[in-house]
Amino acid sequence: MAMGAVLSSRGFGSPLVSGKECQLKQTTTNLLSCQSQFSLRRNYILSMQREKLHICRAIFDLDRRVPPSKPLSSQLIITTTLNNLKIRKLGIYKTRAKYQPDGITNSPLEIEESLPWWKEFPKRWTVVLLCFFAFLLCNMDRVNMSIAILPMAQEFNWNSATVGLIQSSFFWGYLLTQIVGGIWADKFGGKIVLGFGVVWWSIATVLTPLAAKIGLPCLLIMRAFMGIGEGVAMPAMNNILSKWVPVAERSRSLALVYSGMYLGSVTGLAFSPLLIHKFAWPSVFYAFGSLGSIWFILWRMKAYSSPMEDPDLSPTEKRLILGGNVSKEPVKSIPWKLILSKAPVWALIISHFCHNWGTFILLTWMPTYYNQVLKFNLTESGLLCVLPWLTMAVFANIGGWIADTLIAKGLSITRVRKIMQSIGFLGPAFFLTQLSHVRTPAMAVLCMACSQGSDAFSQSGLYSNHQDIGPRYAGVLLGLSNTAGVLAGVFGTAATGYILQRGSWDDVFKVSVALYIIGTLVWNIFSTGEKILD
């Protein structure tokens with residue numbers, strides 16, 4: 001019966017031929033033809049089974065197994081040659097595959113309905129990019145005062161000491177929320193704390209012109225309020241990246257986020273003079289402060305405090321992230337005695353103080369230096385301040401790539417952190433000493449750019465070290481060390497104003513160089529890249 005169905009379906013065995021001999025001959029021919037067809041089909045099926053088996057092995061070898069309960073949503077490219085058949089797997093997502101063996105066609109394997117690239121973009125790098133833009137806004141809202149203070153000082157008749165007081169008032173609030181922000185982030189998650197910080201400082205930025213017109217005390221309070229919001233940013237970011245980023249990508253991700261700060265300085269210093277020239281100085285605070293609302297909407301939609309909370313994270317990426325990190329149970333209590341008993345923790349604190357003294361002086365006083373010493377006007381001061389920060393943005397990412405590459409090649413994390421931070425200390429110290437010997441504004445700007453460019457290697461040094469020595473307490477550790485850094489900003493920014501009333505810019509730079517050298521010694525003697533807090 002089955003034979004008859006085959007013969008009928010293929011048009012064999014016509015009854016029109018008469019005679020037994022002729023019928024026998026025809027039947028024999030039909031049987032041979034049928035056997036050939038069955039053989040071809042059998043070979044087709046066996047070949048197909050072998051190819052499917054090889055494809056499955058290739059997929060499983062890459063640990064890209066599709067769970068039975070939900071389809072794999074990640075992009076996967078496999079190119080291989082099996083039995084002279086080139087197979088290219090373009091995507092997997094509820095798809096229908098067309099398999100064809102040798103001898104039928106040599107076309108590649110076709111997979112339909114692959115996901116668009118923006119849905120396949122790694123979620124951990126989405127979080128990193130959102131942190132990058134948060135830090136971009138952070139420094140845009142911070143440095144706009146260093147440009148706006150020039151016309152504000154003329155309008156309100158402020159002297160250098162008052163200007164220094166206003167600049168340092170930001171750090172009063174910034175200092176208060178460093179450790180608190182780290183504790184909040186470690187207990188409640190980085191998403192909530194960083195979102196709160198951006199909204200808070202954006203509102204304070206928008207209200208700054210009103211506070212200035214009311215009076216100096218009100219302006220000082222508003223700048224301190226802005227510091228409260230920005231103070232939680234770094235501990236919260238450090239907490240969230242310690243959970244989302246594997247060790248092999250740590251330096252690059254942190255370098256990218258911190259380069260957002262530098263590009264924020266570039267953007268703020270470039271656009272502030274233009275806005276002031278066209279719309280007056282209050283426009284800077286209104287324009288920059290309003291951008292925080294856009295960021296907050298995206299943050300609420302896309303970010304999560306940890307990979308375990310993200311329902312859309314693919315199993316493959318989750319394994320990659322968690323495979324390179326410790327388990328991330330919520331921190332219930334902070335072992336302060338244990339933390340403060342570790343020499344590498346104190347190396348972080350002291351080095352952060354030494355580093356930030358010079359960095360914050362350049363951040364807040366550079367436009368004034370260009371205006372008073374190099375005799376640039378307001379617009380030129382803002383535009384030329386862009387170059388050092390742009391240099392930092394570029395070299396921070398170069399340093400991150402170098403650090404991760406050295407670690408991947410087998411160099412110890414401790415040695416890499418010491419090398420990168422030594423460059424971050426000694427480079428600025430050298431170039432600041434050259435400022436007293438240069439004779440042209442162009443060379444002075446070049447020295448500033450080189451100083452800041454070498455400073456950016458610190459992002460792969462001390463700024464990456466918190467996650468090295470205590471990933472579970474990364475927020476608290478950064479809060480501790482950055483508190484020292486903020487104290488450097490408060491004292492250094494205010495002290496610069498008093499030094500300039502009695503001395504010169506050379507005296508300002510000498511203090512920074514001395515602290516850079518002290519930081520280098522402390523860092524190389526006491527720091528480590530090994531985990532000391534579990």
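Visitor: Which is D468, buried or exposed?
Guide: We can judge that from relative accessible area: under 20% counts as buried, over 50% as exposed, and in between as partly exposed, using a 1.4 Å probe and protein chains only. D468 has a relative accessible area of 5%. That value is under 20%, so D468 is buried.

Visitor: What kind of model is this, and what pLDDT do local features need?
Guide: Residues are numbered from 1 along each chain as its sequence is written, and side-chain values use heavy atoms, with hydrogens and water left out. This is a predicted model: totals for chains, interfaces and linings use all residues, side-chain atom pairs count only at pLDDT 80 or more, and local features need a pLDDT of at least 70.

Visitor: How many residues apart are D468 and R250?
Guide: A salt bridge here is a side-chain nitrogen of Lys or Arg within 4 Å of a carboxyl oxygen of Asp or Glu. D468 and R250 form one, with their closest N and O atoms 2.8 Å apart. This pair links distant parts of the chain: D468 is in helix α18 (residues 462-469) and R250 in helix α10, at a separation of 218 residues.

Visitor: What is the relative accessible area of R250?
Guide: Side chains of opposite charge can pair when their charged atoms come close. R250, the partner of D468, is buried, and its relative accessible area is 6%.

Visitor: Which helix holds E249's partner R124?
Guide: R124 forms a salt bridge with E249, their closest N and O atoms lying 3.0 Å apart. The two are 125 residues apart, with E249 in the loop between α9 (233-244) and α10, and R124 in helix α4.

Visitor: What are the relative accessible areas of R124 and E249?
Guide: Both of these partners sit under the 20% limit for buried residues. R124 is buried at 9%, and E249 is buried at 15%.

Visitor: Which residue does D404 meet in a salt bridge?
Guide: The N to O distance in this pair is 2.8 Å. D404 lies in helix α15 (residues 378-408) and its partner in helix α10, so the pair ties together parts that are 152 residues apart in sequence. D404 is buried, at 7%, while its partner is partly exposed, at 34%; that partner is R252.

Visitor: Where is N157, a residue that has a positive phi although it is not a glycine?
Guide: Most residues other than glycine have a negative phi. N157 has a positive one, about 60°, and is exposed, with a relative accessible area of 69%. Helices here are DSSP runs of H or I with at least four residues, numbered from the N terminus. N157 is in the loop between α4 (123-156) and α5 (160-176).

Visitor: What is the phi of A280?
Guide: A280 is found in the loop between α10 (250-279) and α11 (282-302), and is partly exposed at 37%. A280 is not a glycine, yet its phi is positive, at about 85°.

Visitor: How much accessible area does the nonpolar patch have together?
Guide: Patch residues have over 30% relative accessible area and no salt bridge; like charges are joined within 9 Å, and nonpolar side chains (Val, Leu, Ile, Met, Phe, Trp, Tyr) within 5 Å. At least two residues come from each of α6 (178-188), α7 (190-214) and α8 (216-231). F196 in helix α7 is partly exposed, at 34%. By the Shrake-Rupley method with a 1.4 Å probe, where for residues only the protein chains shown count as cover, V180, W184, F188, I192, F196, W200, I221 and F225 together have about 770 Å².
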